[in-house]
Amino acid sequence: MRIRTAAVAALAAGLLIPAGALAQAPSYPEPANPGKVVPKPKGKGKTRTVCKKGCKFKTIQSAVNRSKAGDTVKVKRGTYREAVKITGPKKSYLKLVGTPKSPGRVVLEGADKKTNGVLVNGADEVTVRGIKAQNYTSNGFFFVNVVGYTAQNLIAAKTGVYGIYAFNSKGGTMRDSEAYYNNDAGFYIGQTPAQVKPIRSIVDNIDSWGNPLGWSGTNMRYVTITNSRFYNNAAGLIPNALDSEKFPPAEDNIIRGNEIFWNNFDFHKGAPFKIATEGTSALAPVGTGILLLAGRRNIVEDNEIYGNWGIGVALVQGILLEKNPQAVDLVGNEVRNNRFGLDGTDLNGRELAYSGNGSGNCFGGNTGVSVTIPADGSTLAPCPFTGANTPNDGALGEMLSLAGEASVAAWKRHPHVAKAGFEPLELYTP
Amino acid sequence: MPDRSTTRRSFFGLSAGAAFLCTIGGQEVRLDDPDAARKADVLAAQVERPPGAAPQDALTFPTPEPQPGGRKREYWIQARTRGWDVAPTGRDDWHGRPIPGKRNFRALVYQLMKPGFAAPNGPPLMPGPTLYAEVGDTLVVHFRNAATTLGQALTLHPHGVRYTPDYDGVYLGEHTRVGGFIAPGEEFTYTWEATPDSVGVWPYHDHGPNHTLNTFRGAFGAIVIRERGAKPPDVEQVLFLHQLLPPVTELPRAFQAINGRTAAGNTPTIQSRVGQDVALHVIGMDNNFHDFHIHGHRWKDAAGAFVDTPTVGPNETITARFVEDNPGRWLYHCHVFSHQDAGMAGWYMASP
């Protein structure tokens with residue numbers, strides 16, 4: 001199994017500086033335990049308006065600084081060259097509202113110098129709506145160490161790491177938002193603390209495209225991703241497990257009722273963002289719809305998955321974990337009732353791939369499945385299934401050989417069907 | 001502005017003898033107070049999370065697995081409030097008369113959701129979704145307190161199935177275990193076992209700090225446990241008999257209800273055909289003893305005696321099971337006269 005060993009070594013070497021490390025660069029706040037939620041303030045609170053001319057507040061930060069918990073900051077149209085910080089429990093329940101009906105009218109501009117468009121740290125249940133953040137060196141919108149948040153009607157573009165990002169937090173809502181041309185992932189929820197009585201994160205009606213990863217989910221938990229579109233990324237969604245962040249692996253997530261298509265963006269050949277040569281984004285197998293990289297009790301169901309020329313849905317154990325052997329195996333994941341290939345009109349390269357690692361993983365009710373790894377489908381235990389799955393070294397080796405851009409050479413190309421309002425993105429041209 | 005004196009009189013006229021509605025946070029909430037519901041909610045919102053119910057990140061406790069040959073029956077259920085019309089047709093179809101006055105109130109109900117609470121998997125109704133399992137299965141119920149405006153802990157407490165104290169779903173003050181206090185926005189996954197002595201039909205309901213009021217508001221449903229491989233009836237209907245009283249609804253009058261609706265035409269209209277195996281599961285869900293009568297039919301009770309009007313008490317279940325052999329339009333009702341005439345009745349329609 002020389003190929004496999006070599007592939008794992010290459011992957012591990014690439015992960016010496018993983019995406020998680022980027023996310024914890026010195027300018028980032030240290031993770032703290034997101035504790036008890038601060039009670040909702042009584043009353044409506046005060047509203048402060050920000051605009052370029054004629055308002056008391058010329059910058060968003062100055063209005064935020066004057067605000068107390070539960071207050072509202074309204075931002076009128078214009079471009080604001082600042083990095084907004086909303087920090088600490090005294091800013092809980094703050095509402096930062098731009099132009100929800102046209103988020104592009106309030107622009108936060110990072111000019112490739114500022115770190116985060118909006119950073120919410122330790123302030124629970126903050127709402128950020130109706131703003132576009134672009135050209136930040138780290139993230140567009142970043143929520144960390146919070147219990148609950150709402151990110152709605154946002155656009156995040158051309159950031160140095162992630163578009164819209166929640167880290168080390170419990171619960172929250174991302175909805176009606178868009179992220180594109182970010183250096184790593186368009187959207188990301190990561191390092192969710194395990195909870196006996198979890199507060200769920202709901203992700204509804206988002207569009208993520210033109211990123212290496214449409215969705216990254218390192219060690220994420222209790223996240224429901226629904227009614228959303230992931231397209232024209234290198235890979236659509238990768239809930240994954242890494243040592244670089246706490247609490248591996250990803251658990252109890254549900255990816256349901258989404259459209260995951262045309263994720264064949266070979267950003268390695270050119271992109272409107274700085275191209276990473278190492279880390280998870282660099283290793284993401286180009287042409288993948290969904291990859292579960294380790295994980296427990298994750299459900300992938302009722303999705304439309306088509307036109308991804310590598311693999312539609314792939315499951316592989318935590319090959320990148322060295323310090324957390326307990327989190328390596330896939331346990332209790334279900335891939336069910338998904339529709340592949342758009343009724344044969346826009347086929348994936350392969351529909352399903354599974355190394356056979358772990359236990360209780362099953363596949364049921366999926367339609368349009370014809371090409372699988374392994375080819376005989378012997379690892380794809382039908383649902384419901386309990387007990388150990390059947391490992392298949394050949395399948396694992398084939399999947400590992402598809403890491404990163406190497407997968408492009410192994411694509412099974414098929415014509416796309418025309419889709420109004422969408423254009424396939426395989427190679428970026430300025 | 002409701003007529004407070006009328007409210008009080010209406011209630012006591014229909015519920016003699018009750019001294020208080022419930023005890024919350026060590027305090028009684030009296031029924032002769034027209035603001036009972038509001039006061040109970042205020043008290044319930046102040047109930048602090050007991051130490052045993054804290055959301056410890058590292059807390060673990062035994063969770064049963066299905067028996068060999070059994071399976072996990074998984075449900076996603078949220079509790080939420082909603083506006084509720086006790087008589088959507090506005091009429092009593094039995095007596096042929098309109099139902100006057102206000103009849104909408106803020107109910108608390110359980111709603112079946114799709115996995116991950118991604119979307120509703122059915123309307124929010126009274127009763128909540130019926131949970132089905134066979135002997136040897138486990139019922140895995142992902143419960144979410146989505147009634148954030150109510151601002152108080154809720155639970156889901158089952159009857160009939162086997163559970164450990166952690167999965168009891170009951171608030172017990174400082175003795176509360178993990179599943180007995182699910183704060184707004186939180187989820188908890190209950191796991192219950194369908195054992196051989198679980199066969200039957202049972203209620204589930206809220207048993208949090210404000211359980212009496214919240215159960216009266218509509219937070220209840222049914223669990224059906226069958227023998228492994230048992231054939232389900234051709235027609236199966238759960239009927240909760242209960243009153244919707246002014247202190248709960250803040251409406252000016254009491255309503256006699258079945259499944260949250262009052263009067264034939266609003267209560268369930270049950271359809272069957274001759275030859276079908278019919279099972280009507282009747283559960284009491286208030287402070288009263290009721291009985292259940294369906295015209296034109298008899299069936300055997302648990303002791304093997306033929307009955308047509310068995311008694312059903314609070315949280316008790318009786319099942320009327322028979323093979324349909326007498327087609328026609330039939331009335332079913334509670335045979336407590338003050339209940340049946342005031343709306344605790346419905347239609348059973350058997351076609352040839």
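Colleague: Buried or exposed: which word fits A:Glu125?
Modeller: Count the neighbours in this predicted model. A residue is buried if 20 or more other C-beta atoms, placed from the backbone, lie within 10 Å of its own, exposed if 12 or fewer, and partly exposed in between. A:Glu125 has 22 C-beta neighbours inside 10 Å, so A:Glu125 counts as buried.

Colleague: How are residues and chains labelled, and what pLDDT do local features need?
Modeller: Residues are numbered from 1 along each chain as its sequence is written, while chains are lettered from A and ligands numbered from 1 in the order in which they are written. In this predicted model, totals for chains, interfaces and linings use all residues, side-chain atom pairs count only at pLDDT 80 or more, and local features need pLDDT of at least 70.

Colleague: What is the phi of A:Glu125, and where does this residue lie?
Modeller: Phi is positive, about 55°, although A:Glu125 is not a glycine. For its place, we need the strands (DSSP runs of E, at least two residues) and helices (runs of H or I, at least four), numbered from the N terminus. A:Glu125 sits in the loop between β7 (116-121) and β8 (126-134) of chain A.

Colleague: Where is A:Asn168, and what is its phi?
Modeller: A:Asn168 lies in the loop between β11 (162-167) and β12 (172-175) of chain A. With 23 C-beta neighbours inside 10 Å, A:Asn168 counts as buried. A:Asn168 is not a glycine, yet its phi is positive, about 55°.

Colleague: Which strands stand at the edges of the open sheet in chain A?
Modeller: Two strands pair if DSSP finds at least two bridges between them. The open sheet has eleven strands with parallel pairing, in the order β4-β7-β9-β11-β14-β17-β20-β23-β27-β31-β33. Two strands have a single partner each, so one side of each is left without a neighbour in the sheet: β4 (84-87) and β33 (372-373) of chain A.

Colleague: Which residue in β17(A) stands opposite A:Tyr188?
Modeller: Take β14 (residues 185-190) and β17 (residues 213-218) of chain A. They pair in the parallel sense over three bridges. Opposite A:Tyr188 in β17(A) stands A:Ser216.

Colleague: What joins A:Ile373 and A:Pro374, and what is omega?
Modeller: A:Pro374 lies in the loop between β33 and α5 (393-400) of chain A. A cis peptide bond joins A:Ile373 and A:Pro374, with omega about 0°.

Colleague: What is omega between A:Cys383 and A:Pro384?
Modeller: A:Pro384 lies in the loop between β33 and α5 of chain A. The peptide bond from A:Cys383 to A:Pro384 is cis, and omega is about -10°.

Colleague: Which residues of the largest nonpolar core touch the most other members?
Modeller: A nonpolar core is a set of buried Ala, Val, Leu, Ile, Met, Phe, Trp, Tyr and Cys residues joined through C-beta atoms within 7 Å. The largest one holds 213 residues, and those touching the most other members are A:Val118, A:Phe141 and A:Ile164.

Colleague: Which strand gives the largest share of this core?
Modeller: The share is six residues. They come from strand β10 (residues 149-157) of chain A.

Colleague: How many residues of chain A are in contact with chain B?
Modeller: Two residues are in contact if their C-beta atoms, placed from the backbone, lie within 7 Å. On the other side, 18 residues of chain B take part. For chain A the count is 17 residues.

Colleague: Which strands does β11 of chain B pair with?
Modeller: Five of the six residues of β11 (residues 200-205) are buried. Six bridges join β11(B) to β12 (residues 220-226) in the antiparallel sense, with B:His205 opposite B:Phe220. Two antiparallel bridges link β11(B) to β9 (residues 157-158). The partners are β12 and β9 of chain B.

Colleague: Where do the buried residues of α2(B) lie around the helix?
Modeller: Helix α2 (residues 36-46) of chain B has B:Ala36, B:Ala37, B:Ala40, B:Leu43 and B:Ala44 as its buried residues. The arc is that of the directions from the helix axis to the C-beta atoms. Here the buried residues fall within an arc of 130°, so they line one face of the helix.

Colleague: What average pLDDT does chain A have?
Modeller: pLDDT is the predictor's confidence in each residue, from 0 to 100. Residues 1-26 of chain A stay under 50. In chain A, 92% of the residues score at least 70, and the average is 92.
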